[in-house]
Amino acid sequence: MGIITRSSAGRKPSEIMRFFVTTFISIVLGFFIGVSVPTLSITKLNLPSGLLPSIDLSYIEDRYTGRQAWSFMNNGNKRSSSQVQLSNDTSKIWVPSNPRGAERLPPGIVEAESDYYLRRLWGKPSEDLTSRPNYLVTFTVGYDQKNNIDAAVKKFSGNFTILLFHYDGRTTEWDEFEWSKQAIHVSVHKQTKWWYAKRFLHPDIVAPYDYIFIWDEDLGVEHFNAEEYIKLVRKHGLEISQPGLEPNRGLTWQMTKRRGDQEVHKVTEEKPGWCSDPHLPPCAAFVEIMAPVFSRDAWRCVWHMIQNDLVHGWGLDFALRKCVEPAHEKIGVVDSQWIVHQGIPSLGNQGESQTGKAPWQGVRERCRKEWTMFQSRLANAEYAYHNSIGIDTSNSTAH
C-alpha cells in the first residue's frame, strides 16, 4: 500500500500539468472551429410566430450573433410584453372612419391610396422617386396604331404618367419607342377603354394625379400641347373637358366643334328641339367620350357612375354633368388646343362576325343597346332615390 501511495503522489504534478495542457489545447481548437463554421442564421429557424413577436430578425442577425442575439431577444420580450399583448388584441381597435374593411387597423398604418409611380427593387424607398408626375394620360391601343400613339405621347411632358391599355395583346413590341420603357402597360384581349378604366383607374389608384386624360388611339395631335391645355383648364375652372375637334372631320355634335376665335367655350346652339334647356346636353355641360379629361374630384364621381357590364361608355357623355355643379360652368371644350378625330374603327374590328354581319356592325349594335340600358338605369336610379325621400319627379323635365 505504501508503494502505491508513493507512486500516486509522484504522478500528481504531471497529471495536473497534463490537465492544463489539454484544457488549453481544447480552448484553442474550439476557437478555430468556431470561427471557421458559418454563423447560424436565426432567420431561417422554423420558430412559432408567437415566440418572437415584433422582432426584426434580419436586424438582429446583422447586429448580434450567438448568445448576444438570444440575450437581446429575451430582454426585448420582457421590455415589450405589454406592447405585444396590446398588438395581438385587435378588438381594442375600431376606427369607423377608416376605409371599409380596415376598421381594425390603427389609422397611422392605413394606406388608402396608391399610384402608378415606378419604384426600384433596391435602395431606400424614400429615394426611389426622382420625380412625381402630376397628371395621367391613358390610351387604349392596338399595335397597328403605334405611330399615331408615338406622336401623341410626345405631346405630353415628363409631368405625365403614360398608361397604355392593349386590346390586341401586343406589348413588348412597343419597346422600340424609348418612352415605352417607362410607361405602364396593361394587356387584356378585346377590351374597351371603359372596361379598363373601371378596373384599373379606381379613384384611390389615380388619386395623386390632378388630371386624368382617358383618350382613344385615333386622335391627331399636331395642334395640341398638353401643358398648355392644363393651363387653360385651370384658368377657366373646367373639371371635365376635352380639346376642340377639327370641324371637317369626325364631327357629331356642335358642342365639341372647335371655335377659332376663343380659348374655351361652354355652350353652343344645336339643331331645333335637341336641347330642352340651354344649360343641358348637348347644348352645354357636355363633352364626348373619345378624349375626355377629368379633374381628380370629378373622376372620383364619374368612376362610380361607370357600369361594370356596359363597356362602351355610350350615354356616359350625357350624364357627366351629374358629377359637377354647376355643370354648364365646369364642363367645357378647349378650342385653342385642338385635335382631329381620325375615325379609325380599329377596336370595332376586334368584334366577331355574326349572322353574316361584319365584326364592326355587331360592335356598333352593342353600343346602341348599352346607351339605352344606361339611360334606363340612370332614370330608374334617380326615380327610386327621389321616391324614397318623398319627392315626386313625374313632371320634371330636367332628368
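Which residues does isoleucine 240 touch, not counting residues up to four places away in sequence? In this predicted model, the partners of isoleucine 240 are Val287, Val293, Phe294, Ala298, Val302, Leu320, Val324, Lys330, Ile331 and Gly332. Isoleucine 240 belongs to the largest nonpolar core, which has 42 residues. Together with Trp194, Leu201 and Trp299, Ile240 is among the residues with the most contacts inside this core. At least two residues of the core are supplied by each of β2 (160-166), β3 (184-187), α6, β4 (211-215), α8, α9 (316-319) and β9 (331-341). Helix α8 provides the largest share, 5 residues. Another core, of 35 residues, lies apart from this one and includes Ala152, Tyr229, Val264 and Met290. In soluble globular proteins, nonpolar side chains tend to be buried together.

The protein chain as a whole contains 11 helices and 9 strands. Of its 399 residues, 37% count as buried. When contacts between residues at least 6 apart in sequence are considered, 70% of them join residues at least 24 apart.

Tryptophan 194 is placed in helix α6. With a relative accessible area of 3%, tryptophan 194 is under the 20% cut-off and therefore counts as buried. Leaving aside residues up to four places away in sequence, tryptophan 194 touches Ile214, Ile289, Pro292, Phe294, Trp299, Ile306, Val311, His312, Gly313 and Leu316. One of these partners, isoleucine 289, is 95 residues from tryptophan 194 in sequence, while the C-alpha atoms of the two are 9.5 Å apart in space. Phe294 appears among the contacts of tryptophan 194 and also among those of isoleucine 240.

The helix that holds tryptophan 194 is mostly covered, as 6 of the 8 residues of α6 are buried. These buried residues are Lys193, Trp194, Trp195, Tyr196, Ala197 and Lys198. The axes of α6 (residues 193-200) and α8 (residues 296-305) come within 10 Å and cross at roughly 110 degrees. An angle of 65 to 115 degrees counts as roughly perpendicular, so α6 is roughly perpendicular to α8. The crossing of α6 past α8 is left-handed. On the α6 side, the residues that meet α8 are Trp194, Ala197 and Lys198, and their counterparts in α8 are Trp299, Trp303 and His304. By type, the residues of this contact comprise 4 nonpolar, 1 polar and 1 charged. An α-helix has 3.6 residues a turn, so residues three or four places apart point the same way. In α6, Trp194 and both Ala197 and Lys198 take part in the contact with α8.

Several backbone features occur in loops. The peptide bond from proline 281 to proline 282 is cis, with omega near 0 degrees, and proline 282 lies in the loop between β7 (264-265) and β8 (293-295). A second cis peptide bond runs from glutamate 325 to proline 326, with omega near -5 degrees. Proline 326 is situated in the loop between α9 and α10 (327-330).

Positive phi values are found in lysine 190, at about 55 degrees, and in alanine 285, near 55 degrees; neither residue is a glycine. Lysine 190 is in the loop between β3 and α6, whereas alanine 285 is in the loop between β7 and β8. Lysine 190 counts as partly exposed because its relative accessibility is 45%. Alanine 285, by contrast, has 0% relative accessibility and therefore counts as buried.

Conventions: Residues are numbered from 1 along each chain as its sequence is written. This is a predicted model: local features need pLDDT of at least 70, side-chain atom pairs count only at pLDDT 80 or more; totals for chains, interfaces and linings use all residues. Side-chain values use heavy atoms; hydrogens and water are left out. Axes are lines fitted to C-alpha atoms, for helices over the stretch in contact, and angles run from 0 to 180 degrees between N-to-C directions. Helices (H or I, at least four residues) and strands (E, at least two) are DSSP runs, numbered from the N terminus. Angles under 35 degrees count as roughly parallel, over 145 as roughly antiparallel, 65 to 115 as roughly perpendicular and the rest as oblique. A crossing is left-handed if the near helix is turned anticlockwise from the far one by less than a right angle, and right-handed if clockwise. Contact means heavy atoms within 4.5 Å. Ala, Val, Leu, Ile, Met, Phe, Trp, Tyr, Cys and Pro count as nonpolar, Asp, Glu, Lys and Arg as charged, and the others, Gly among them, as polar. Buried means under 20% relative accessible area, exposed over 50%, partly exposed in between (1.4 Å probe, protein chains only). A nonpolar core is a set of buried Ala, Val, Leu, Ile, Met, Phe, Trp, Tyr and Cys residues joined through side-chain atoms within 4.5 Å.
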